[in-house]
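Here are some exercises to work through with the model open beside you. Try each one before you read its solution.

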Amino acid sequence: MEEFRKNQFPQLDDKLYFDFAGAMPICKAQVDRYNFLMKDCIQNPHSASQISRTSNETARLRNELLKHFNTSPDEYIVAFSHNTTTGAQTIASLLNLDNISSFHYLFDNHNSIIGLATLLKGRKPEIEIKCIKNIENDSINSNALFAFPMNSNFNGKKYPLEWIELIQNHGSFVLFDAASTCSPDLSKFKPDFVVLSLLKLFGAHGGAILIRRDRIHLFNDPCPAGGNLLYLCSRNDKFRMMPSLSKKLEGGTLAYTDLMLALTGLKTRREFGNESFIQNHLKNLSKIFYEKMGSLKHSNGKNIVVFYRNSHENEMNDYPIFSFNLLKNDGSIINHHEILFSLATNNVDIRAGSHCNPGATFTNLNWKEEEVVAFGEDSNQNNKCVSSLCLIGDRPVATLRVSFGYPSLEKDIEKFVDIIKRFFVDGGPNKDILNKELVLPMTLKRILVSPIIGCRGYEVTESHFDRYGLEFDRRWKLVDDDGNLISTPQCFGVASLVAKILDGKDLLLDYNNGQATITVPIANFTENKNAPANVKKYGTVYSSEVSMFLNETIGRYAYLVKLSQNQLGKFPFSGVTEESCNSLFPQFDVERWHANFVFSGAPAFSEEGRRLKNMSLGNWNISLWRWRVVCMTSSVIPGFEEVGREEVRKLAETRSFYGMTPFGMLFGLNCDETPFEKCVLKVGDTLKGELA
């Protein structure tokens, strides 16, 4: 196994990858195949040619898929789709509903399956929609469409294939969601319609639809398209469709390169072993993971991990997906944002959220229906799923998810468990942080102004300030159409964007040291009146000329927004110390921390201590004070636009507390009663305070 992975998945030796339920990584054989196809200059299968590699391999993939699922072309036809979601929607859009009176979906289903209820209701308003918790003999209607998954994508729970026959014996139909990293076995039970993911099985983008041949007559014809017609006369709108349902459903040109790579991925999977071998391998990994993670405890004896599944013994036949949360030694949930940061610094990929399965997530987390609707309607997440919150109050709305695939090895689990131990047992490496004393005085050595949130700025020796921060500091931000902040982890180009104020009148945007620049007024500028409401709610939006500049430089169509006062931060000032920076990484560019101040004069990391009495900076009393928490924003290297993990990894390894990594301080100054022109901070000012 180790030799196979080293040859086919060498990237997994550098990264701990635990999101196989999301996607199978690409293998070396697929890279080699792509290079071959590039040299071969493959052709659109609709283009006439005596030899068509694309048509040949696409047809072969259809047959190999059926063989792989223990069925044959005598029983099923195969149609390819953009992904599993579009495959399911294709079935719901074209299935003849004359004899379908109800749609029943299991509560533990992917959003894409549950969402079919809306599509079906739109086509047939009188259709009955039911969310069910189980499928039992006396609860099955005739003339119904039932949808359930092969396994839960939330926690791997395996559902009985016997349900298929039970439903069919009542004169109803089964839509079987087999989108999984494990292969469905269709040798005994024959669902009417199957949707699956080529990405999760074979590492190439795409989905597939399987339809029983004796169910073909149940489908209406789709719209005429590029690849499903025998002829079409444009002058009188007469046409005739191809008889093949596969071609009808696929319509235009397939993503044939992806399908050819999927065929290679299928062959590579078989080289690893047959499906029985793979399932035993994954069961063994599941057992090891469950036992090792379940044995982790804090020094007070309390568990670190809470799993959302039944007993280990009863569920070893389930699929290798684990949903869980991590707990502090007082039993409270550790925030996912802190966990994901710690894991990211160690190049570990897992998933967090509701995993597009709200039924299983909110049921397992004990949320009532009315509660889910209430916090969902009240959410202001700007088109982000509410599960990105992790917690509402002290109650989780999301879980962490680890999933394995056939390239996974036991050593991956051992490394992962070791990371969890180091970072989260009893709080991790900085467990005594709550008992530290702040050491003062310190001297202000540098003042840095960053006009645009997340972008580099400029240095000054003194600056006016108000209750919202330094003059011109973080008064603008870049957002997308949904109003989400565009920062370096999502857009590496932001790290190479510098913002400067010219003569107190203009804002200069400089990309990559003068490669491209644009200058705009800080007042009385041309506004973009057509910007989305989610953007305009933050303040005044600059013209589309600025957005086009950003599109050409950072590679993202972004809106530059001058923030209104109600959008400015509660903790307006941030700082780090020279001693702390030099202790970890003397050569590190301090501007990557996006701090306003660099202080000096106290031992490294003494700024993590408890707030003192009567604290002040220069002549100004400090009104607010807390740690500054680091995120992956500082990891992107300007100019290179790549991730440099070493500095943040070292910081997390030594300074984190339950995954939260403090570095520096955030604070506010009491200046409300003083005119702006008199509010000045200068290099050389002293940060001081008194012991309680």
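**Exercise 1: a buried asparagine**

The side chains of N325 and H336 are joined by a polar contact of 2.6 Å. (A polar contact is a pair of N or O atoms within 3.5 Å; within protein, one must be able to donate a hydrogen and the other to accept it, and residues adjacent in sequence count only if both atoms are side-chain atoms.) Before going on, note that this is a predicted model, where local features need pLDDT of at least 70 and side-chain atom pairs count only at pLDDT 80 or more, while totals for chains, interfaces and linings use all residues. Residues are numbered from 1 along each chain as its sequence is written, and side-chain values use heavy atoms, with hydrogens and water left out.

Task: work out where N325 sits and what is in contact with it.

Step 1. Place N325 in strand β12. Helices (H or I, at least four residues) and strands (E, at least two) are DSSP runs, numbered from the N terminus.

Step 2. Check its cover: the relative accessible area of N325 is 0%, so it is buried. Buried means under 20% relative accessible area, exposed over 50%, and partly exposed in between (1.4 Å probe, protein chains only).

Step 3. List the contacts, meaning heavy atoms within 4.5 Å. Skipping neighbours within four places in sequence, N325 touches I304, V305, V306, Y308, I333, H336, L365, P396, A398, T399 and L400.

Step 4. Try a pair as well: N325 and G359 are 34 residues apart in sequence, with 17 Å between their C-alpha atoms.

**Exercise 2: the helix that holds H336**

Task: find out how far helix α12 (residues 336–345) is enclosed, and what covers its buried residues.

Step 1. Count first. Seven of the ten residues of α12 are buried, so the helix is largely enclosed by the rest of the structure.

Step 2. Name them: H336, I339, F341, S342, L343, A344 and T345.

Step 3. Look for the cover, which includes the strands β12 (321–326), β13 (348–349), β14 (351–353) and β17 (399–403), plus the helices α15 (410–424) and α19 (646–655).

Step 4. Inspect both ends. At the N-terminal end, N335 acts as a cap, with a side-chain oxygen 2.8 Å from the backbone nitrogen of H337. After α12 comes N347, which has a positive phi, near 60°.

**Exercise 3: unusual backbone**

Task: what are the phi values of D503 and N524, and what is omega between L440 and P441?

Step 1. Recall the background: most residues other than glycine have a negative phi, and most peptide bonds are trans.

Step 2. Take D503, in the loop between β23 (497–502) and β24 (506–511). Its phi is positive, near 55°. With a relative accessible area of 75%, D503 is exposed.

Step 3. Move to N524, in the loop between β25 (516–521) and α16 (533–536). Phi of N524 is positive too, near 55°. N524 has 82% relative accessibility and counts as exposed.

Step 4. Finish with the peptide bond between L440 and P441, which is cis, with omega about 15°. P441 belongs to the loop between α15 and β18.

**Exercise 4: two more residues to place**

Task: are E64 and S450 buried or exposed, and what does each one touch?

Step 1. Find E64 in helix α3 (residues 53–68). Its relative accessibility is 11%, so E64 counts as buried.

Step 2. Beyond neighbours within four places in sequence, E64 is in contact with L263, L266 and R270. E64 and L266 are 202 residues apart in sequence, yet their C-alpha atoms are 8.3 Å apart.

Step 3. Find S450 in the loop between β18 (442–449) and β19 (458–460). S450 is buried too, at a relative accessible area of 10%.

Step 4. With the same neighbours left aside, S450 contacts C455, R456, G457, F472, D473 and R474.

**Exercise 5: zooming out**

Task: describe the chain as a whole, starting from its helices and strands.

Step 1. The chain has 19 helices and 36 strands. Its radius of gyration is 29 Å, close to the 26 Å that the globule rule gives for 692 residues, so the chain is as compact as a globular protein of that length. (The radius is taken over C-alpha atoms, and the rule is 2.2 Å times the number of residues to the power 0.38.)

Step 2. Along its principal axes, the C-alpha trace spans about 85 × 70 × 55 Å.

Step 3. Of the 692 residues, 54% count as buried.

Step 4. Among contacts between residues at least 6 apart in sequence, 70% join residues at least 24 apart.
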